[in-house]
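Grab your viewer and a coffee, and let's work through a few exercises. Each one has a task and then a stepwise solution.

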Amino acid sequence: MSIYLIIALAPLIGSLLAGLCGKLIGRRGAHSVTIAGVAISAALSAWVLYGLMNGPRQPFDENVYTWLTMGGLDFSVGFLIDNLTATMLVIVTSVSLMVHIYTIGYMSDDDGYQRFFSYISLFTFSMLMLVMSNNFIQLFFGWEAVGLVSYLLIGFYFKRDSAIFANLKAFLVNRVGDFGFVLGIGLILAYFGGSLRYADVFQYIDQVKNATIELIPGHPWSLITVTCILLFVGAMGKSAQFPLHVWLPDSMEGPTPISALIHAATMVTAGIFMVSRMSPLYELSDTALGVIMVSGTITALFMGFLGMIQNDIKRVIAYSTLSQLGYMTVALGASAYNIAVFHVMTHAFFKALLFLAAGSVIMGMHHDQDMRHMGGLRKYMPVTWICMLIGSLSLIGTPFFSGFYSKDSIIDAVKASNLPFSSIAYVALVASVFVTAFYSFRLYFLVFHGEEKWRKAEHGEHHHSEEHHGLRPQDNPHESPLVVTIPLILLAIPSVFVGMWAIKPMLFSDFYQHVIFINSAAHPALATVEEEYHGIFAMALHSLTTPVLWLVIAGVVLAWFFYMKKPHIPARIVASIRPVYTLLDNKYYLDALYYNVFAKGSRLLGTLFWKVGDVFIIDKLIVNGAARVVATIAALVRRIQTGYIYTYATAMVVGVFVLVAWTFWPLLKTMFGG
């Protein structure tokens, strides 16, 4: 218990010290306490995972603290530490540690230095509470906490209008997903035995697996299906799945280190983790799995298309994240939860590497993020160059790199799936392989090879301004300091090797046997992949016979041809397919749709409530109307108050007469026969 408490609380303590005592302890103190906290969590997380891998240790599932008991329902803080949790702990803390160290160099000149370290350490704590939870209440706490801290981090530069717009957008879109998530938790509380603890809910499944619920009178739906879909709506928000993906590219407004942390190992993987944790529920609903697969397929392919036309180096990688999250989600839909978690792990390392390498490039370019102003950086930034190349090769699925083993396993699992939509999903994922290779190496060639475009006169002094930094034509880029490049090197190592090391224990052993539940008879995808697996080298050799590797090669070669040999061709293609380019440039008009329908619609509705409800009904009718009624009645009553005694005496006599008549009327009716 004490070890798990230290894992969770060490980053929180560092965050509080940096945030509340930042001025007192200074910059060095702020980064020292937060890095120490995350390092302690990372070391203990690795120790916990090692213990679970090398011993018969049983999962730890106990409540730590009960903060509310209501009607027999306990709201508790509790830890569930099993193989899935331990895997996520190592991913979150190790990537977070690299990001913390990298931040020392990247944010060295920023006025909000201590505040930023406090935020990212708090972000790490929130994610740890989410993955360590043993009940839905704590899960929801972590779920909302990562959303709140992401709001603070995306809007870190709060004096920029674009940053304020981006963090508000992220916050609101996530609230849409969280609304569905809360409804799903409500159904679990109402129908699954009155408990929110995972173990209790899973034990109760057999009693409700055939239960129905009428959302519309006369139209019963499977309770399990409705619950699973509502929970997945929450995952769509956090893990940025279509159509709730629109917040993620705009989150690039935050500093680069937090882009790496959000996109690689924390917030966006929360939905993947949650669905994997809830596998006993999802295995009972093919409809919910189909919804998951459709959403992931659309995200994987169509977000990749958007990455092909971006010019901001961070946005290319952001759309890459969306596409890879689509891959993970499709794996969940195929009941290959193990493979989805495997891709979460490999993706965490190579995507953090790509983002941090992009940040190193941005530093070398004096905070210019436009790839059209770069080129030829390879000779100036050799460490960043080789690390970006390694990350890109892993991302596109090059054999023997980590990304290859997880991406190819997902594609094979979808091919083996028997769900109705799986054949379309397979084609989309294979097509996405080409798209990923093209935009990844478009970025690579534009940034590190070719002519040094910042030296052109049209970019020169006009480009170098207070609003938009950049290099002057006579300037040379510089390699980043060791505090930046060392995390890159440390992330590059697992980006190459962790896939081949982890594929067998994570996919083809009993490592997740009592954690993730798969009905192999109904959903044979993972079992089929296991039958076809004959080792890491055989898997790499087998890729030569599949279209996937050749599409990767085609994407790389085409990017080289377009941007190195014939750079005028892309402009011609854009001119010839201008409507398609306009559609992609406007991100399928989803942002415009949401803004005009929901944002403006809510404003119109708010104005209607204000004008009709507040101004007319409350002010004019109720408040002012009541005053007018009182004034009118007072004006009438005032006429009765004449001040003459005979008027009052007459009124008293008449009143007494009426009172007597009303009192004796029943007696008079009886006496005179009715």
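Below are four short exercises on this predicted model.

**Exercise 1. Find where the confidence is highest and lowest among the elements.**
Step 1: start with the whole chain, where the mean pLDDT is 87 and 97% of residues reach 70 or more.
Step 2: go element by element; helix H17 (residues 382-396) comes out highest with a mean of 93, while helix H20 (residues 460-463) is lowest with 46.
Step 3: check the stretch 459-468, where pLDDT stays under 50 and the model has 19 contacts beyond four places in sequence.
Step 4: low pLDDT means the predicted coordinates should not be read in detail.

**Exercise 2. Work out which residues touch the most other members of the largest nonpolar core.**
Step 1: the core holds 206 residues, and the winners are Met132, Met274, Tyr282 and Ile313.
Step 2: see who supplies the core; helix H16 (residues 337-364) gives the largest share, 20 residues.
Step 3: zoom in on Ile313, whose contacts beyond four places in sequence include Ala358, Val361 and Ile362, plus Met371, Met374 and Met388. Gln369, Leu443 and Val447 are also in contact with Ile313.

**Exercise 3. Split the chain into domains and say how far apart their centres lie.**
Step 1: domain 1 takes 1-106 + 117-456 + 473-565, and domain 2 takes 644-673.
Step 2: their C-alpha centres are 87 Å apart.

**Exercise 4. Describe the annotated stretch 67-117.**
Step 1: an unreviewed UniProt entry labels these residues "domain: NADH-Ubiquinone oxidoreductase (complex I) chain 5 N-terminal".
Step 2: residues 67-117 are 57% helix and 25% strand, with end C-alpha atoms 29 Å apart.

Notes
Residues are numbered from 1 along each chain as its sequence is written. This is a predicted model: local features need pLDDT of at least 70, side-chain atom pairs count only at pLDDT 80 or more; totals for chains, interfaces and linings use all residues. Side-chain values use heavy atoms; hydrogens and water are left out. UniProt positions are given in the numbering used here, feature names are shortened, and annotations may be inferred rather than shown by experiment. Helices (H or I, at least four residues) and strands (E, at least two) are DSSP runs, numbered from the N terminus. A nonpolar core is a set of buried Ala, Val, Leu, Ile, Met, Phe, Trp, Tyr and Cys residues joined through side-chain atoms within 4.5 Å. Buried means under 20% relative accessible area, exposed over 50%, partly exposed in between (1.4 Å probe, protein chains only). Contact means heavy atoms within 4.5 Å. Domain bounds come from an automatic or database domain assignment. pLDDT is the predictor's confidence in each residue, from 0 to 100.
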